[in-house]
Amino acid sequence: MTFPRPDFTFKRPRGKNSYLFISLGALVFALFSLSGYYTDWLWYRSVAAQNVYITVLAWRIGLFVFFAGLTGFIIWLNVYLAYKNRPMYASVTPDQVSLQRYREALDPIRKTVFTVGPILLGFLAGGSASSEWRSWVQRLNAVPFGVKDPQFGMDISFFIFYYPLYRNLVTFGISTIILSGLASGVIHYIYGGVTLQSPTQKATKFAQSQVSILIALLFVLKAFAYWLDRFGLALKQDSLLVGLKYADVNAVLPAKSLMMYLSLIVAVLFIINAFRRQWFIPNIGIGALLVTGILIGGVYATVLQQFVVKPSEADREAPYIQRGIDSTRAAYGLSGVEIIDYPASIEPSAEIIVQQSETIRKIRLMDPALLSPTYNQLQQVRGFYSFPDNLDIDRYSINGDTQGTIIATREINLAGIPNAQRNWINSHLVYTHGFGVVTANDNSVRIDGKPDFTTTDIPTKGVLNIDQPRIYFGENSPSYSIVGGAAGSEPRELDFPDDTSPIGQSNNTYSGSGGVPIGNFFNRALYALKYQEINIILSNLVNNDSKVLYYRTPVERVQRVAPWLTLDGDPYPAIIDGRIIWMLDGYTSTNFYPYATRTSLDTATADSLTQNTAALRAQSTSINYVRNSVKATVDAYDGTVSIYTWDESDPILKSWSKAFPGIVKPRSAIPSEVVNHVRYPEDLFKIQREILSKYHVKDAGAFYGGQDFWVIPNDPTRPGVQGAQPPYYLQLQMPGDKDPIFSLTTTFAPSRRQTLASFMSVSSDPSNDYGKIRVLQLPRNTVIPGPTQVQNNFESDPDVGALLSLLRRGGSDVELGNLLSLPVGGGLLYVEPIYVRATAGDSYPLLRKVLASFGTKVVFEDNIEDAISALFGTSTPSATVPTDPDQAPTPQPQIPSETGDAAADLANAINDMQKAVADGKKALADGDFTAYGKAQQDLENALDRARDAERRLNSRNVTETIPEVTPANFLR
């Protein structure tokens, strides 16, 4: 039985149509590619950073062309030589007979295959090399660290700037040689240079020589790799430490050096073999290399670890553990951390409380993670505006006093436009920008539980002077907007709703410097192609003075201007010189700092608020060195990007500044108003606290034991969410300070207990020891509860638990605010605001109660003044303000008693609350929303009466003498 011979004949496309379609496809691809490059260049020119774009593009193209060409040429050369030196007559063996059909099929397209194959492989190599442009730029602009590696005596810059590039080059070289060997081997096999079934010679002389030379080159590169492996040991990480250990220094390191020399010897043997073709001697060299690696690097190292190190591991590894401790603390900027022993009494000191009265007055009650619905309901103005889910915290000088402030931008929200009005013109030419900010004091609340707003409304009014409130560049800006117009033309961009206007709104024409002009047809055509939108060309609303705004989020703009930076995940707005300015923090980082432990950015920066979002915009998910090297700003109106040096000593930033001169301005150029709103970055603080949870232990022996390690407590105020408690910005007066300092704070718990291990804070005030980290370390036998234990104390308190349960059942939801920890009165004060929101409709949380704890004492009061008074027996200036901001603060009004007996009034109020809940449920079931509204009002009135009766009971200490009238008994 015979089978038809397979037809491997290459069929070319026939007819002019085939070439026409191919040409058109190539033209369309080229147009899309070139339009993307050109529009990107126009954007970089609009932010005065075209040198960044040109430099990066030149590096990427240069590396691609060089390594693609080099790889393709080397592979082609080996294939060409293998074919050129093929035997004239293939041996008559079964495998060569079967290969004859393949030779016949390959011959018509041989030149094409020999050319296209290496080109395609070269493209893969070029693409890989192009992505490593950062390594090349840093290597050519390397800056010394001025710190020597303790093992090799090399400057740290070698590991950070040189080592990664050398590793990439070795990988590239080995890959190219292996591909060349495989490609030439296939050609040798197909054309008879190698025969597997020959009874005599299985390879031609040239095939043997070519293979010998390739193997020799491979071992030369392998020798270089062994040389690099020696330094790589300083970056090796295991469960105990990073860097060389006892067995590495005494076994692995000598083995690597010996194998480096042996690899060079083997390379020489293979070069000789290329001429003599005696495989026995070079094969012995390979065997010796393998045996050396196994015996010295493997067996000897294992025996040394098992019988010398393990019996006294703590002592043997102590010098290397100490290296790791010192290097890790230096790499994360923790060398200057001040650890202070703090006794933390459970009984408050009246003298210290008096000294810390300002800290108590400035306790932050407003939780920025909960207030977004409140801001939206009270200050949204229209549905096409919105506030971010998490608001921001800053501070402003108001009448000479530093006032903590909750600030949020009112940005445009295209999702809020009614569907009937959603079209291209409205989405990209009319609804183009947000308007203004809303601010509120962070330490005060109005009588009705609403935030104490200080800047509100449209047009903006309040304590902050805002000359330019428009937000064309924000965190929620549309992907692109076309703005601007000729002088005197009719404005079309919706500015804000205006009841005094005949059209019900005030319009605006953008006049800022930001954006890319698209007045000419060529630019309009390019952007029509970029966004695949023909209306950009056809619409008469796009005129000669139009500009297109894109890449509009602050993070995106800074990341494009400085692509080497890792950006903090929380940009925040500040009012500076009458304009809305976005403030950002930029980091330089690396994964190659010797002996320093690594951390995952995803893990270190995640907490209960950010675990579902990408908090940190990072180049790498793993680092072991980080610096807050720059501060950046983005103007919300014109999009101007300014990047300033912050850490002037950082060698990595110096390297990038050499490569991209003029992009990062000197620290002296930072405007004073910008400096006044600088914060210590939250993501950096999270990374540092994770590292410090272990590396506060400076002694190698104690570190090996691990008994003093700390953990970051989970956030107890987010039920059902497993995430670390986030750090909090507070105005805090640490022990020894005269005045409160704007600080970022966190707590630690012991690894196996829920008590408090320590309290950590860093100054976030540039005028007051900015960046100074201090840790209050509590005694190991402390009974001071940690956050988790405090929250448990709150919830398990009979009166607190009863009232919380009552609030949760009464047609409302209880939302727990941030649990703040403050070193006050010689101990730890915990404060947690309690918010209540209705379960029905577009509700929003209002602050109704305050939980507080000191030592083992728990109080649950209507406001912070009453909570502090109940805890310490002292009063603090009122943080409750009237609903009308023009009025002076007045005491909370008293509700007339129904019976004259507070206990009876409380019982009646609770009964009325239960009745109102039942009436509301019945009204909903009947579809009677009028009755439902009346039931909700009755519930609110009864709740107010219950609060008033409870306050009167507490003021008379009735709960201690008449237990049968407590809320818990009423609930039962």
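This is a short dialogue about reading features in a predicted model.

Reader: Let's start with the overall picture. How many helices and strands does the protein have?

Author: Its secondary structure comes to 29 helices and 34 strands. The protein has 972 residues, and 53% of them count as buried.

Reader: And how much area does the protein expose, and what share of that do carbon and sulfur atoms supply?

Author: It exposes about 43,200 Å², with carbon and sulfur atoms supplying 57%. As for contacts in the protein with a separation of 6 or more, 70% are accounted for by residues 24 or more positions apart.

Reader: OK, on to salt bridges. What's the general idea?

Author: When their charged atoms come close, side chains of opposite charge can pair. This structure holds 28 salt bridges. Take Asp229 and Arg167: their closest N and O atoms are 2.1 Å apart. Asp229 belongs to helix α7 and Arg167 to helix α6, so you're looking at a link between distant parts of the chain, 62 residues apart.

Reader: Why does Asp229 count as buried, and why is Arg167 called partly exposed?

Author: Buried means under 20% relative accessible area, and partly exposed runs from there up to 50%. Asp229 has 16%, so it is buried. Arg167 has 23%, so it counts as partly exposed.

Reader: Which residue forms a salt bridge with Asp367?

Author: That's Arg718, and the closest N and O atoms are 3.7 Å apart. Asp367 is in the loop between α12 and α13, while Arg718 is in the loop between β24 and β25, 351 residues apart. Asp367 has a relative accessibility of 2%, so it counts as buried. Arg718 is buried too, at 14%.

Reader: Where are the partners in the salt bridge between Asp585 and Lys631?

Author: Look at the strands for this one: Asp585 is in β18 and Lys631 in β21, 46 residues apart. The closest N and O atoms of the pair are 2.4 Å apart, and both residues are buried. Salt bridges can also be linked in a network, as with Glu358, Arg361, Lys362 and Asp401.

Reader: Now the rings. How many aromatic pairs does a search of the whole structure find?

Author: The search finds 56. To read a pair, check the distance between ring centres and the angle between planes; under 30 degrees counts as stacked. Phe219 and Phe270 have ring centres 6.0 Å apart and planes at 10°, so they are stacked. Phe219 sits in helix α7 and Phe270 in helix α8, so the pair ties together parts that are 51 residues apart in sequence.

Reader: Are Phe219 and Phe270 buried or exposed?

Author: Both are buried. Another stacked pair is Trp564 with Trp656, because their ring centres are 5.5 Å apart and their planes are at 15°. Here Trp564 comes from the loop between α17 and β16, and Trp656 from helix α19, 92 residues apart. Both of these Trp residues are buried as well.

Reader: Which residues have a charged end over a ring?

Author: Two cases to look up: the charged end of Arg230 sits over the ring of Phe231, 5.4 Å from its centre, and that of Lys530 sits over the ring of Tyr531, 5.7 Å from its centre. Tyr531 is also part of an aromatic cluster whose members include Trp43, Tyr44 and Tyr550.

Reader: Last one: which residues form the nonpolar patch on the surface?

Author: Among them are Leu290, Ile294, Leu295 and Phe307, and the whole patch has about 680 Å² of accessible area together. Leu295 lies in helix α9, and its 46% relative accessibility makes it partly exposed.

Note on methods
Residues numbered from 1 in each chain as written. Predicted model: local features only at pLDDT ≥ 70, side-chain atom pairs only at ≥ 80, totals over all residues. Heavy atoms only, no water. Phe/Tyr/Trp six-rings, centres within 6.5 Å; stacked < 30°, edge-to-face > 60°. Helix = DSSP H or I, 4+ residues; strand = E, 2+ residues; numbered from the N terminus. Buried < 20%, exposed > 50% of the residue type's maximum accessible area, 1.4 Å probe, protein only. Lys NZ or Arg CZ within 6 Å of the ring centre and 35° of its normal. Patch = residues over 30% accessible without salt bridge, like charges linked within 9 Å, V, L, I, M, F, W, Y side chains within 5 Å. Areas by Shrake-Rupley, 256 points an atom, 1.4 Å probe, with all protein chains shown as cover. Salt bridge = Lys/Arg side-chain N within 4 Å of Asp/Glu carboxyl O. Contact = heavy atoms within 4.5 Å.
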